[in-house]
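Got the viewer open? Let's take a walk through this one together, one selection at a time.

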Amino acid sequence: MKEIYRKLNGEIDRLTNKTFKFDERVADGWFSAVYFLKTKEIVKNHVPDNEVTMQFFQKDHAVLCGTDEAIALIHTFADHPEELDIYSLKDGDKISPYETVLTVTGPYQNFGFLEGIIDGMLARRTSVSTNVYNVVKAARTSGRQKPIIFMGDRDDHFTQQSGDGYAAFIGGSTAQATHAMNEWWGKEGMGTMPHALIQMFKGDVVAATKAYQEQFPNDQLMALVDYNNDVITDSLKVAREFGETLKGVRLDTSRNLVDKYFLRNQHLMGTFDPRGVNPELVFALRRALDKEGFRHVKIVVSGGFTKERIRDFEEQGVPVDMYGVGGSLLKIGIGFTGDNVFINGQHEAKEGRKFNPNPRLEYVEYHEAE
């Protein structure tokens, strides 16, 4: 059983390294800034008997993610982790600027070399979860929550998919493009067809969709309809062919192209930007499908969507049923800082920093790895 199910069932409080599968070279300092490694040696040999408190914070309103991972890191690689006192918020908590999200107390040489790695974990996971949360929020502007498909596989290195997928889940995305994105939270990737499949059938969307249905008969049938830059024509073709079996169509028109519908109806031009997946195109598609009795066919849009663009679509009442979002969700805009603020119970910190107590922090029990 995946740990996430045990956590959701209340059997464990935190995910552990059984989920995260850290690179063992962390123990050797391979991923730590060299000055942390040098400081560890100096402290160990010159002032080993001091106990410090390190606190972590950031400077935005955000959705916190990465605490389970950071705690698992400490429990896996710190020296004598059972002797450390750790207090933390939880993944999914809403946090404010400068709010303390994590504190670690113990001998510096036992855990200080992990500071930069913890900062990086919290920064990436919180950035992604916050980005996704904001997009999910934008997608309910109309009053009905539209699902968000996390499609970030092509926007960053593949080794980041599991962590990014978990952060997206924390932010509110429950549909993701790859199996790896779902690894930590227990689902499977979802998706239908890329443009490459239609290319294999020389642009014949109906033939490509038929082949897909034959190969994956248990999937909900979703056709990609922008390959020929004529989404209304191709949507009607597949709708007429598959009828009730067709569950949806996806538009992914390049922002550099104007769909052929507008070239056939140039009287519509002049009052809006006709490029890419635009509101007027989606309205026209919905009208065309409904006119022929295909009201059951959902419309999925993708291609350069951001929270601002989604909010604009929703405020206009554009009949979108689901958004596919990728690159905008992976922008790392939140940075964390770890500061030593106490030594042996007395305040001692760099100028301008002080201990910022947070009553929301919860004590973290140490559990030896199973």
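**First stop: the cavity**

About 40 Å³ of space lies in the largest cavity. To find the spot, select Phe150, Gly152, Asp156, His157, Gln160, Gln161, Asp164, Met181 and Leu330, which line the largest cavity. A search of the whole structure turns up one cavity of 30 Å³ or more. Keep in mind that you're looking at a predicted model.

**Next: the pocket**

Now for the largest pocket, which holds about 850 Å³ of space. Its lining counts 32 residues, and the closest to its centre are Ile149, Met151, Met190, Gly191 and Arg250, so to speak your landing spot: select these five.

Colour three strands next: E8 (221-224), E10 (298-302) and E11 (322-325). Each of them supplies at least two residues of the lining of the largest pocket. Which strand gives the most to that lining? It's E11, with three residues.

**Zoom out: the whole chain**

Switch to cartoon view and show the protein chain, with its 13 helices and 14 strands. The C-alpha atoms fill a box of roughly 80 × 45 × 35 Å along the principal axes. Of the 370 residues in the chain, 48% are buried. Turn on contacts, and among those with a separation of 6 or more, 71% are between residues 24 or more positions apart.

**Last stop: the surface and the charges**

Show the surface: the accessible part comes to about 18,300 Å², and carbon and sulfur atoms account for 49% of it. Then colour by charge to pick out 44 positive and 53 negative side chains. The centres of those two sets lie 8 Å apart.

Terms used: Residues numbered from 1 in each chain as written. Predicted model: local features only at pLDDT ≥ 70, side-chain atom pairs only at ≥ 80, totals over all residues. Heavy atoms only, no water. Helix = DSSP H or I, 4+ residues; strand = E, 2+ residues; numbered from the N terminus. Buried < 20%, exposed > 50% of the residue type's maximum accessible area, 1.4 Å probe, protein only. Contact = heavy atoms within 4.5 Å. Areas by Shrake-Rupley, 256 points an atom, 1.4 Å probe, with all protein chains shown as cover. Lys, Arg positive; Asp, Glu negative; His and termini not counted. Charge placed at Lys NZ, Arg CZ, Asp CG, Glu CD. 1 Å grid on protein atoms, 1.4 Å probe; cavity = no way out; pocket = protein on both sides within 12 Å on 5 of 7 lines; lining within 4 Å. Points joined across faces, edges and corners; volume = space filled by probe spheres on them.
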